[in-house]
Amino acid sequence: MLIELLVAVTLASALVVFMAPDRIAPKLATALSLLPLGIVAVMWTQFDAAGNALRAGGEPAFASTIEWFALGQYTIQWQVGVDGVSFPLLALTVVLTTLAMVSSWTPIDERQSQFFGLMLVMETALIGVFTALDFFLWFVFWEGVLIPMYFLISVWGGPRRKYAGTKFLLYTNLASLVMFVGLFVLVLGLGGSLTEISLPAITQALEAGELGSFAGIEADTLRVVAFLLLFLGFAVKVPVVPFHTWLPDAHVQAPTPVSVMLAGVLLKMGTYALLRFNFTMLPDVAADFAEILAAVGLISVLYGAMLAMAQSDLKRIVAYSSISSMGYVIIGLVAFTPHGMGGATFQMVSHGLISGLMFMTVGVLYNTTHTRMVGDMGGLADRMPITAWIFVAGAFGYMGLPLMSGFVAEVLVFIGAFESTVIAGAPLFTAGAMFGIVLVAGYLLWAMQRTLFGPFELETDYEVGRAPLHDIAPLAVLLGLVILLGVQPDLIYEVIQDAVAPIVDSAGESLIVSTDSLSEIGGELL
Amino acid sequence: MVGALAAGVPLFGPGIEAAELTALFPLLTFIIIVFFGSYLPLKGAIPGIAATGGALLVSLWGVADIATGAGPRHETLLTFVEGVAGEGVTLTFGILIDPLAILMLTIVSLISFLVHIFSLGYMNDEGEIDLPRYYAGLSLFTFSMMAFVFSDNLLMSFVFFELVGLCSFILIGFWFREAGPPSAAKKAFLVTRFGDYFFLIGVVAVLGTFGTAQFAGSESFVTIATEALETGATEGMTTFLGFGEQAWITVIGLLVLGGVLGKSAQFPFHTWLPDAMEGPTPVSALIHAATMVAAGVYLVARMYGFYVLSPTALSIIALVGGFTAFFAATMALVKQELKQVLAYSTISQYGYMMLALGGGGYVAAVFHLTTHAIFKALLFLGAGSVIIAMHHKENMWEMGGLRSEMRVTYLTFLAGSLALAGIFPFAGFWSKDEVLYETLVHGLGGSPVLLVAYTFGALAVVLTGFYTFRMVFLTFHGEPRSELAEDPEPVRWNVKFPLAVLGVLSVVAGFLNMGVLKDIIGEENLFLHEFLDGVTMDADLDAAGLSAHHYAEVLESNFAAGYEVAGLSPLGPGALATVLAVVPVIGAWYLFRGPDVDPVMTKLGGLRTLLMNNYYQDEYQVWLATGVTLPIAKVANKFDQGIIDGLVDGTGGVSLFAGERFRRIQSGVVTNYAALLTLGFLLLVLIFALVGGWI
Amino acid sequence: MSSLGTLPDWAATAPALILLGTAFVVLLVDMVAPDEQNSVMLSGVSVTGALLALGTTIWYLLSGTGQPGAGDLDANGAIELFGGSLVVDGLSLFFAAIITSVVLMVVLASYEYLKDLPNQSEYYSLVLLAATGMVMVTFANSFVTALISIELVSLPSYALVASLKTNKGSAEAGLKYFLIGALSSAIFIYGISLIYVTTGSLQFDAVTAVFENGGVGELSGLLGLGVLMIIGGVGFKIAAVPFHFWAPDAYEGAPAPISAFISSASKAAGFVLAFRIFVDVFSYSEVTDAIDWVIAFQILAIVTMTVANFAALKQTKVKRILAYSSVAHAGYVLIALAALTGGADGAFVLGSGLAHLMVYGFMNTGAFLFIALTEYWDIGRQIEDFYGLGRQAPVACGAMTIFLFSLAGLPLGGGFLSKFYLLWVSIEGEVALLGIALVANSVVSLFYYTGIVKALWVEEPAGELEITQYPTGLYAAIVLAAIMTVLLLPGFGVVVEFAETAAGMVA
Amino acid sequence: MAVSIEWYLFLSAAIFSIGLFGILTQRNALMFLMSVELLLNAANINLVAFSLYWGNLTGQLFALIVIALAAAEVAIGIGIILTVNRNFDNIDVTEAATMRW
């Protein structure tokens, strides 16, 4: 019942904060956000999931099922539980929310109770996304995230916040609808064999080969259609090039703590869903399309990095580099190797922490300098040494510096992708994607040199001084976590591997079939 | 005690057992300084000195252990990532202490210790601010370098390889308030990162190919690869992209070499090192001369058992090394700043080490690594002393005549220079000679490529002697050419002590391995050779495949590099090398000794301009970044904003436009409504009349 | 036959009877004291009546009146009255519940809205009479009763729309509504006459019997034309394109509570008639061979949602946006008919429409009542006038946000689940175009819904905006609608259960 | 001699068309109303004629109801037209066009 408690407590906190006066809202909300953090900490100690929650034999932890309603032949349920894939992301969510709230104390200076209330609403929805196992329940939370996010961008954002908020909302909503169609093509193709629209039920029915034809489309084509629709839907959220253009707008316009949540957790929703749906439910299709998906990932990595290089707004730089980092996740997932998939999942957590750190640091600089343009700043390390050096640490973390979590994630992805048997020419794809580590170093070093180092340059009519402690503290915590996971990745990697291993195995089985069918197709063509 | 020695039982076993302390001491120091640095006396120098001193003691103890027969130590310290049963590799941090590692640990701890002391004079006494950051950087560097040295697998090597790069970045950019250092730091990191890109692919490829990245032992990738070639047992090895085993080994070797070339500043990745001289001089001595730059060479030595499997890789290493030795030396000829000369000299000397490794001279390379670390650190610290004296002026044309005011500095600097130039009997002579000799004999044994490389190396000897003594004479001899040079600031014990230690070592270190005299004194008296061979130890070293003669054996096997050794006495080439070294020294004495020095190098004209501009290597690399990559990025950005986002926004725009049209349907006039209603209805009727066949 | 227990069968029509009675009581109150403004009294009586009607309906629904009993599953349990001219079954009660809920909210909200306006008793009694008509529509089991009930809805509605007699917009709206309504009902009547021409009967059972026993012979063309004309008549009531032209203008010009009333309840009444006629009567191959009305509804559904949503995009008046949104939702609900391709269980498909109408009843009414509130405050109709309203009236604006996002299909309310139920059904109906249209239109609609939300919360008010009055009745109605909208998300199961049972009565 | 039943249909269709034509062309609200009457009566013709044809009274009865409805409709219609006239000083239906787009 801990998950129910978690959701209930967070939602109740949100309502309390909405009622609270603006003056006390920031601290009240932060204090209340310690409750979910504490509950997740308790869950950590009791975590006993085995295998992948979606596949046969998987035993999610803290699972519970309550019937919600019946729709036709299907039972829709409140079905929740966490496994090795979702639990680290759940932990990431609660940690980042609390830290983002602390980092909101300074920049959010109006309508605080609404802001912090919405943050808690978003946390609720995110918790739901990472714990729900029933499709409809999951979908409620999935779409539910959009509402607080829309307000957070549109009300407290930058000059073009309305445009960015609306674009975010419309684009991701369209994606959700497409994804819904994709899933239902599958559900309806499964026909009578399904009595509940829960993710495990769908996965296991597909695994059992119960997919029939639907609307005159044969099962083999149907799974491809479903895969593509699902992929399109999630690709926007991830985002995968070329469905990424909402992201820089949203990131740049959103207030910094919101960017933290956006980059830290919301993007992970996309990759999490890709893993849960495309790669767990339809591993054979994913394996068939491996080269194309790997190419998509590769393009995201390199193209995102090139775009980041062309920016002069610090936030835009970090935003575009998120696209780049998410490309690694795609490549890792499609490798269908233990380290590839595990590394991709690890990268979700790691990038959540590091991009959160980067955005927060940019935010702290902005709080003081009131600018984010690289060209306007210079030598900030002189006036704000701690912030500057945390920025340096974060940037190196982003570049994949060893002993920080980003390195572990990237190396695991690379190892996994390199030895992938699913992708033809895997080593070349891997080597290509790895060039991202040079590009990322290029633009981040350039940005650091221009903003932090050199003679102090910044035209202000006030004294630029050190940032207050409560601005720095979340940065330090994040940096600590990044290093902790970099030194001891098995803290979470063990459970991740436990949960992705069944997927890798399943692809191994289906791979034989798919290569057979591929060669058949080839034979026909010849 | 004697019995123990006779039985081969190690005298001081705990020395290598505690070898990880060499890294842990500095790590602890780093943590202390990060959190409490500004409250510490001398801003963190004390713990730094204590830590490196401790590390030095442990290392020396370890040397004694191994010299007295302790077996190599190889164990896993920390499992980083546990592979799922049977699938996915397990990533670990481990420790591998063998003669090579303990030797390198000793060098690093020694230099680091001395540099810490020197920093008291160079940094603390000069009243620099932000010193905790400086000492924290030094500590972190020492930690990373130590861990790199005792890494037992390639991934761990990469990890600390990168970390020393970070430290280099931090320390080069120590004076971040100026424009130069941050830029140099960026360049250093970026260029080495470019090399590391290939290195990382290599690491991943090794893991993918062999499932392990261990250096030593029967399960190591080196052993698997050797066996695959030797016996054709390829079960443990998966090649990719359709390569054969040996070709794939070459590919991997070359990929790892990318990192080596970057870190050891070999052509064409050498451009960052001269710029790195923007950092404080002790940093240059420690990182950019003696230790970090050595990491690349050390890595090749560490996995030499792997490289000897590929003749192609070895040839490329030798060629790059030989060429770099010569190429960098030419640029050193014309530099006007003390540290610049030393920087190019460093590049050149690492070229020798690469040449030795490529030429099959494993011991020679390690030997030169050792002596170079000593005399180059000495030269840098000497230069630092001069720089203190000259109030941070570095141009040699503003110096002159300093020998009278700075006796200790002058004498030690001279010792270092003689070692660098390879004058008998200073340290550099022995090692450089052995490098050239090994290359020559293997070249004559049937590898013409090595002869080309040898020629480059031999020519570089001439240049080395010349630029070294041009530097010495311009700095210390003649008359002072500026007011500062007339009245140099005196330096204290904390500067002189390190200089003295290193000066002595520069003289004596060569006796470790008097290869040129091996026919006379007997091969068993070449200490370093025996040490690296593990002769004093149990047979474990052979079992692990780490001994020098094991490398030589494989090197000469036909399934591997297939080198052959020509029978040639070392005396002849030794004599040649001596002549090649002495002549230019005399030349330099002739040209630069007097009170009024003629800037003769200007007579080189266009060639000098080319050399001063470093063959425009920096220009093309900068062009690659800002002239190629950046414009592509800008175009990508335009494309993204214009076309991709344009499509997205365009969809919105078109929808809004459509909306405007659609709402005009509602004209407001009710008869129009009636008409449209009727029309719509009739349309429906028409459709169904046609489809339903009513008509 | 029934599960009314001891009550006589005619008691099954109680919801309509109560509304009718209340209408007379209202008139009576006014007659007793014609010169006084008895606002409290009038609205009190009306609210009580609506509440009673709603209560009775819910009681019937829960007690299983007219629905399949547990004992006899194959008998559908409908209560037939007046020789089969009226029928009370799950479907009628389900819609009666929607209608009476809407009436309750509208009447509640009208109390303050009507302050200082003359002819309040007429207003209330007309609302209640129209509501009676709507409930009667749900009972109709013959073209005769259907027409009479429909007209009982229409005629008071015309008057209500035009009830602000000194207001140009109201008069114009009334005129347009009336003229198009007259045309449409003429088409509807002509369609009915053609049904009579081809079958010789007007009672649903009898018409069905004709189709079952041999059919209409070579008159199938006329039958097809008649069916199309009936589609036209129903299309007018539910405001489906191209029979929708009155709707934007009428909704805009009418007093906002009346807009809420017509756009929610009247639409529901239109739909129940459509469901009953098409699924129950015209579902025989005799008819579908002559005219595949499923395709007609597919066309109507796609055209309706597309035209309405796009037309709403660039509107500047909030009320008009909601008017178009209301038209668009007619398109969505039409999916329930358009997806009856036999791909899925008919009750399941139809249930989606019913469920959506139920949720829609609350969220749409709530949204229009919010407009009523702003009209009460007299802050203007343009979207700019709404800027920054969220800070002045957070509760009302919060409720409005719930309505709008629920209308858009975001999970702030039951509209989310019902929208996706519809999408599911359109996929299951294997009509790709329908699915694509729904997906595209959802996004388009999100844009303009967001526009209003943005105005309320994001934009800065242009001038001084001070709101001092917080009318209790309006607020009560809005908050009630908001609570119901939100509750229908977790409580969607109840709606679905009744909707599927109700749909099972005809499908 | 009995008139063939089809002719009633034709008559009804013709009247319906005339009514429709009137609605589309007349601008005067009262003329509009009269045209609607024509539409309704077209339906009535069908109903009455086929009442005879089918031999039941349903059609006749329904026609009566339609007539009553038409009367009610006119009553409401005239009321609304009066209101329009008061607001626009005109009963031209095309004049009342303030709400559009």
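Buried residues make up 70% of the 526 residues in chain A, where buried asks for 20 or more other C-beta atoms, placed from the backbone, within 10 Å of a residue's own. We're looking at a predicted model, in which local features need pLDDT of at least 70, side-chain atom pairs count only at pLDDT 80 or more, and totals for chains, interfaces and linings use all residues. Residues are numbered from 1 along each chain as its sequence is written, while chains are lettered from A and ligands numbered from 1 in the order in which they are written.

**Exercise 1.** Work out how the radius of gyration of chain A fits the globule rule.

*Solution.* Start with the make-up: chain A has 22 helices and two strands (DSSP runs, H or I of at least four residues for helices, E of at least two for strands, numbered from the N terminus). Next, take the rule, which is 2.2 Å times the number of residues to the power 0.38, with the radius taken over C-alpha atoms. For 526 residues it gives 24 Å, and chain A comes out at 22 Å, so chain A is as compact as a globular protein of that length. Along its principal axes, the C-alpha trace of chain A spans about 75 × 50 × 40 Å.

**Exercise 2.** Describe the side of chain A that touches chain C.

*Solution.* First, count: 27 residues of chain A are in contact with 27 residues of chain C (contact means C-beta atoms, placed from the backbone, within 7 Å). Then find the elements giving two or more residues: strand E1 (61-71), helix H5 (135-144), helix H6 (146-156) and helix H7 (161-190) of chain A. H7(A) brings the largest share, 13 residues. Finally, sort by class: 20 nonpolar, five polar and two charged (Ala, Val, Leu, Ile, Met, Phe, Trp, Tyr, Cys and Pro are nonpolar, Asp, Glu, Lys and Arg charged, the others, Gly among them, polar).

**Exercise 3.** Say how H6(B) and H7(B) run relative to each other.

*Solution.* Begin with the numbers: helix H6 (residues 131-149) and helix H7 (residues 154-172) of chain B pack at about 160°, axes 8 Å apart. The axes are lines fitted to C-alpha atoms over the stretch in contact, with angles from 0 to 180 degrees between N-to-C directions. That makes H6(B) roughly antiparallel to H7(B), a label for angles over 145 degrees (under 35 is roughly parallel, 65 to 115 roughly perpendicular, the rest oblique). Now look at who meets whom: the H6(B) residues include Leu140(B) and Phe141(B), and the H7(B) residues include Phe160(B) and Val164(B). The residues of this contact divide into twelve nonpolar, three polar and no charged.

Notes: Two residues are in contact if their C-beta atoms, placed from the backbone, lie within 7 Å. A residue is buried if 20 or more other C-beta atoms lie within 10 Å of its own, exposed if 12 or fewer, and partly exposed in between; C-beta atoms are placed from the backbone.
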